[in-house]
Amino acid sequence: MTADRPFFVTTPIYYVNDTPHLGHAYPTVAADVLARFMRLDGRRVKFLTGTDEHGQKVERSAQALGLTPLQFADRVSAAFREMDRLLDISYDDYIRTTEERHVRGVQALWQELERRGEIYLGRFAGWYCVRDEAFYDESELVDGKAPTGAEVEWLEEENYFFRLSAWQDRLLAFYEANPDAIAPRSRRNEVISFVRSGLNDLSISRTSFSWGIPVPGSPEHVVYVWLDALANYITALGYPDTENAEFSSFWSSVLHIVGKDIVRFHAVYWPAFLMAAGLEPPCRIFAHGWWTVEGEKMSKSLGNGIPPDVLVERYGADPARYFLLRELPFGSDGDFSHRAVVGRLNGDLANDFGNLAQRVLVMINRNCNASVPEPGELQTADTSLLGGARGLLDIVRGHISEQSFHLALEAIWRVVGEANRYVDEQAPWALSRSDPARMRTVLYTLGETLRRLALLVQPFVPGAARKLLDQLSVSETARDFAALADAPLVPGTRLPKPEAIFPRFVEEAAR
Ligand code: MSP
């Protein structure tokens, strides 16, 4: 049904002036789950991530370390790739804004905007915030600072401007015609009221520093870092060549995963730049919430950012991924605490799912010659459990299409709970003496339910799912979602020795 439909998912590209932490892992893990889900669902996927390497902040950070900006960017960009490796991230393309393909594409985009009369030279005088790389209106300042709390500086220079003000009505028409283009709804409303309140033209070049992409024809200007960065989503598809296979199949299906702090750039400036260049605006932008850590805002000065290696060493990649997506609705803010992670790890993962798998596999190993048992006639309890597991795909697909990861996981774990209740009710250990044929049917039902669950949890906890599918001797070619209905366990198949898929977190050993 969904075969061949392209799906393009992106993360924000990360500033290299900060080292990776939990807040960066979050959108990356979310995008990875979507990419994995869609691939398993038969769709053609491109998953793009990368690093945002230009701008005054990077120039200043490099200087402070006595490095060239590129040496500095090389170092931090590598740390982001390492984050991806640790968290089992299956990106298809990793773009760096210092790459030739990107620089060429941004310059072409600039020229296209210029050719269409969307850019003019003017004089900028106003507040600029280097930390946010954003311009602020006097009226937006709070106690002389940016609304984000960062310092602002007065800037006066000759700049090129983009005629953003001319796009107000067309942006509003775009939001109106595409009610799902910005999610969640609260963010959409926020964007619409911002645009309704009137748009100023946007300064899109800078002359007071040089670490950026030179403006074509005016090399004393560099391109504003947000125009540069946003363009990664199309330069990675080969822009300015919009006829190539990648661009023509993927652009119209793009989903941008972004944090709530960068919605304005993605939902206002970006569609305006695109439309002004004669391109389609993005299909959908989802803005997730922000994490605090143990009740505190994450900050460099508090040093509470939780780097990915600490996250993965302490809890493991799968539990970290699971926690991030299960704990909160994707659009909401929430708190990351050690206690909450351990609660989920030992509860949902080790007790509920891990124990279920372990109990079933050990019973099959002991009582059925370590082979998939031959079922007899199925009873209502069996068909109802199996039906619940099969029906999950549609339910999960629905939640995933709305980026409701926590609801998808809740639905899967509901069946995990049903399977645990079924084990208790059917008591296969007692049947081994009283009714071995019925025991085989019960264990087959459980094994097959586990197979279906393992297939469905692959996008979220790929390592554990792989282990479980290996233990069920599911072949590599029967691991996509089509196999849910098409490739049930075959009685008589040998199964390897069971091993725990989600070990419990033991406090003393890890801290
Ligand atoms: N470089 C820009 C994005 C350009 S995209 C064309 C940028 N980079 S960033 O590294 O500062 O932030 C990247 C993402 O990390 C943002 O979407 C932001 O929301 C997210 N997070 C940073 N800290 C976070 C939390 N504490 N919690 C959740 N996400 C957070 O912005």
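Colleague: How many residues of helix 12 are buried?

Modeller: This is a predicted model, in which local features need pLDDT of at least 70, side-chain atom pairs count only at pLDDT 80 or more, and totals for chains, interfaces and linings use all residues. Residues are numbered from 1 along each chain as its sequence is written, and side-chain values use heavy atoms, without hydrogens and water. Helix 12 (a DSSP run of H or I, at least four residues, numbered from the N terminus) spans residues 317–326 and is mostly covered. Buried means under 20% relative accessible area with a 1.4 Å probe, protein chains only, and the count for helix 12 is 10 of its 10 residues.

Colleague: Which side chain has a polar atom 2.7 Å from a nitrogen atom of the ligand?

Modeller: Polar contacts are pairs of N or O atoms within 3.5 Å. For Ile13, a backbone N or O atom lies 2.8 Å from a ligand nitrogen, and for Gly23 a polar backbone atom is 3.3 Å from one. The side chain at 2.7 Å belongs to Asp52.

Colleague: What share of the ligand's accessible area does the protein cover?

Modeller: Accessible areas come from the Shrake-Rupley method with a 1.4 Å probe. On its own the ligand has 670 Å². The protein covers 94%.

Colleague: Which helix gives the most residues to the shell around the ligand?

Modeller: Several elements each supply at least two shell residues, among them helix 1 (22–40) and helix 8 (232–235). Helix 7 (225–230) is also one of these. With 3 residues, the top contributor is helix 7.

How values were computed:
Buried means under 20% relative accessible area, exposed over 50%, partly exposed in between (1.4 Å probe, protein chains only). A polar contact is a pair of N or O atoms within 3.5 Å; within protein, one must be able to donate a hydrogen and the other to accept it, and residues adjacent in sequence count only if both atoms are side-chain atoms.
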